Amino acid sequence: MSEESKEDLEIVKSILEQVGIFHLANRDVNALSGGEKQLVSIALALAQEPRVLLLDEPTLHLDINMQYTIMNLCRHISRDKELVLIVVLHD
């Protein structure tokens, strides 16, 4: 079993803050809403520090407010992290 380094923990904290889900850090993933789970999935992907990120229907089955949150987050992370972000939508 591997130990998380201080650097790893800082990356995770930073990503959770950037995605806006730091307050969910101690919650069981099974207790999260669909939108919160989607944000966690995006945070997990970002923690790997990718240069390219592909999201397949990240807003599927989410209410309009969460759809807006997800798409706004995508715009910000693409710009702020200079990340190639490809989003597939069927809307």
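**Exercise 1. Which residues are exposed on the other side of α1, and which residues of α1 are buried?**

Solution. The structure is a predicted model.

Step 1. Start with the buried residues: in α1 these are Ile-11, Ile-15, Leu-16 and Val-19.

Step 2. Look down the axis. The four residues named above cover an arc of only 130 degrees around it, which puts them on the same side of α1.

Step 3. Turn to the other side of α1, where Lys-6, Glu-7 and Leu-9 are exposed.

Step 4. Find the packing partners. The buried residues of α1 pack against α2 and α3.

**Exercise 2. Compare the reach of α1 with the expected value, and describe the residue that follows the helix.**

Solution.

Step 1. Count the residues: α1 has 14.

Step 2. Take the distance from the first C-alpha of α1 to its last, which is 20 Å. This is close to the 20 Å expected at 1.5 Å a residue.

Step 3. Move past the end of the helix. Gly-20 follows α1, and its phi is positive, near 85 degrees.

**Exercise 3. Describe the largest nonpolar core and state where its residues come from.**

Solution.

Step 1. Give the size: the largest nonpolar core has 21 residues. Val-19 and Leu-46 have the most contacts inside it.

Step 2. List the elements that give two or more residues to this core: α1 (6-19), α2 (34-47), β1 (52-56) and α3 (64-80).

Step 3. Identify the main contributor. α3 provides the largest share, five residues.

Step 4. Follow the contacts of Leu-46. Leaving aside residues up to four places away in sequence, Leu-46 touches Ile-15, Val-19, Leu-53, Ile-77, Lys-81 and Leu-83. Among them, Ile-15 and Val-19 are buried residues of α1.

**Exercise 4. Find the salt bridges and classify the exposure of each partner.**

Solution.

Step 1. Apply the cut-off: a side-chain nitrogen of Lys or Arg must lie within 4 Å of a carboxyl oxygen of Asp or Glu. The count comes to two salt bridges.

Step 2. Take the pair Arg-27 and Glu-36, whose side chains meet at 3.9 Å, N to O.

Step 3. Classify these partners, using under 20% relative accessible area for buried and over 50% for exposed. Arg-27 has 39% and is partly exposed. Glu-36 has 18% and is buried.

Step 4. Take the pair Arg-79 and Asp-80, whose closest N and O atoms are 3.5 Å apart. Arg-79, at 47% relative accessibility, counts as partly exposed, whereas Asp-80, at 56%, counts as exposed.

Notes: Residues numbered from 1 in each chain as written. Predicted model: local features only at pLDDT ≥ 70, side-chain atom pairs only at ≥ 80, totals over all residues. Heavy atoms only, no water. Core = buried A, V, L, I, M, F, W, Y, C linked by side-chain atoms within 4.5 Å. Buried < 20%, exposed > 50% of the residue type's maximum accessible area, 1.4 Å probe, protein only. Contact = heavy atoms within 4.5 Å. Expected span 1.5 Å × (residues − 1). Arc of directions from axis to C-beta.
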